[in-house]
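Biologist: This structure is new to me, so please take me through it and explain each term as you use it.

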Amino acid sequence: MYQPAVVKNRKRLCLEPWVIGLITFISLIVVAVCIGLTVHYVRYNQRKTYNYYSTLSFTSNKLYGDFGREGSKNFTEMSQKIESMVKDAFHKSPLREEFIKSHIIRFSQEEHGVLAHMLLIFKFRSTEDPKAIDKIIQQVLPEKLQDAVGPPKLDPASVEIKKINKTETDNFLNSCCGTRRSKTASESLRIVGGTQVEEGEWPWQASLQWDGTHRCGATLINSTWLVSAAHCFRTYKDPDRWTVSFGVTINPPKMKQRLRRIVVHEKYKYPSHDYDISVAELSSPVPYTNAVHRICLPDASHEFHPGSEMFVTGFGALQNDGSSQNHLWQVQVDLIDTQTCNEPQSYNGAITPRMLCAGSLKGKRDACQGDSGGPLVSADARDIWYLAGIVSWGDECAQPNKPGVYTRVTAFRDWIRSKTCI
């Protein structure tokens, strides 16, 4: 027979108190060092934004009148050229990693040329010396612009740069049309198919309210004028009973105004959807803020190309025959060419040259009741936003082959100017 194995009791390992204390002490030191290194790493790599206002003289083969009007095609092209030259200058300097962007605010005419007014935005480590930063920025731009190849022909010696704070930066940006505090423009899926909007994302959006009840959307085009749809005022004509609110919620509003007068296009005749445009004058100018300011109006010759990504916003229903919303919603839509939109399975020839279609032929993404009069917008290469369309009509909401139909703003650019001088 096998003898059973004898299992001996294990001795319990006991540490001396001084050993336990030493281990605890070393552990605390390691933790403290790790925390210190982490704090140092975070602080060292934390970046602070530095904003500067700069002016720069240049000459061009174009007349000032060709590009001096904000929002025009020539303004955009000239701004892009100068911004690109400034970007190249900083990218060839020690500030390549710190330079974020330049942004032309406006142009002004001088006796022997033109002055570009622009913002320069940088991000430096918070540990950097602000005086050293200012000094190197002042040196780099005039030096590197000497190698810039035009047109336009820049004058590096004319460069002036001064540091400004965030409030001043915001004021400059808010004075420009079409700027917004945006997240990345990711696709939004419910106004039908979209998502709720954060403050400052679409600062030109307004809510038109008859006797305090939301009826339509509208778009701020300067401090005293809105653009909307003509059909919004078909049976509601008295400006004294209309109020206008701004901000991402109707209640509470960011700002509220009354209307002084309403101008409906002379050729609009219900029940036709053609010439569905109006402008409305506010009782007093609205001050521009991060949350409320104007969109850019495109030139009459501006072309928005089929397939272009656009956004429509509004307080309207999230489904056909639904109720309006207190919070502003957005949805990304695609511009659809008129020929496709006029096919028998879509609108069978009802789309006139004064209309455009946007949405999805699969449905699911669209404006709806209560969004009428609101903006359909598109950005240019500088991320400046333009009013492409005005929510007008459609067959129900978000149905296949029935995209939203919008008033084509470029077709009425001269009419808007004739009524508002904008």
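**Asking why, term by term**

Modeller: Let me start with helix H4, where the exposed residues Lys131 and Lys135 sit on the face turned away from the buried side. Exposed means over 50% relative accessible area, buried under 20%, and partly exposed in between, with a 1.4 Å probe and protein chains only. Please keep in mind that this is a predicted model, in which local features need pLDDT of at least 70 and side-chain atom pairs pLDDT 80 or more, while totals for chains, interfaces and linings use all residues. Residues are numbered from 1 along each chain as its sequence is written, and side-chain values use heavy atoms, without hydrogens or water.

Biologist: What makes H4 a helix, and how do you know that its length fits?

Modeller: Helices are DSSP runs of H or I with at least four residues, strands are runs of E with at least two, and both are numbered from the N terminus. H4 covers residues 130-144, which is 15 residues, so it passes that limit. The expected span of a helix is 1.5 Å times one less than its number of residues. For H4 that gives 21 Å, and the helix reaches 21 Å from its first C-alpha to its last.

Biologist: Which residues of H4 are buried, and why do you say that they line one face?

Modeller: They are Ile133, Ile137, Val140 and Leu141. Looking down the axis of H4, these buried residues fall within an arc of 85 degrees, so they line one face of the helix. The arc is taken from the directions that run from the helix axis to the C-beta atoms. As background, an α-helix has 3.6 residues a turn, so residues three or four places apart point the same way.

Biologist: What do the buried residues of H4 pack against?

Modeller: Their partners are strand S1 (47-59), helix H3 (73-91), strand S3 (113-125) and strand S5 (160-164). Packing here rests on contact, meaning heavy atoms within 4.5 Å. H3 passes the length check as well: its 19 residues should span 27 Å, and its end C-alpha atoms are 27 Å apart. Buried residues of H3 include Phe75, Ile82 and Phe90.

Biologist: Why is Val30 called partly exposed?

Modeller: Its relative accessible area is 46%, which falls between the two limits, so partly exposed is the right label. Val30 lies in helix H1 (residues 17-45).

Biologist: Why is Leu297 called buried, and which residues does Leu297 touch?

Modeller: At 8%, Leu297 is below the limit for buried, so the label holds. Leaving aside neighbours within four places in sequence, the contacts of Leu297 include Gly71, Ile221, Tyr386 and Val409. Leu297 lies in the loop between strand S12 (278-282) and strand S13 (309-314). Ser301 is found in that loop too, but at 59% it counts as exposed.

Biologist: How do you know that Glu266 and Lys419 form a salt bridge?

Modeller: A salt bridge is a side-chain nitrogen of Lys or Arg within 4 Å of a carboxyl oxygen of Asp or Glu. Here the N to O distance is 2.8 Å, so the pair qualifies. This pair links distant parts of the chain, with Glu266 in the loop between strand S11 (255-264) and S12, Lys419 in helix H7 (residues 413-420), and the two positions 153 residues apart. Asp395 and Lys402 also qualify, with their closest N and O atoms 3.9 Å apart. A search of the whole structure finds 13 salt bridges.

Biologist: What makes Tyr275 and Asp321 stand out in their phi values?

Modeller: Most residues other than glycine have a negative phi, and most peptide bonds are trans. Phi of Tyr275 is near 60 degrees, and phi of Asp321 is near 65 degrees. Tyr275 is buried at 18%, whereas Asp321 is exposed at 65%.

Biologist: Where are the cis peptide bonds?

Modeller: One joins Gly150 and Pro151, with omega about 5 degrees. Another joins Tyr270 and Pro271, with omega about 10 degrees.
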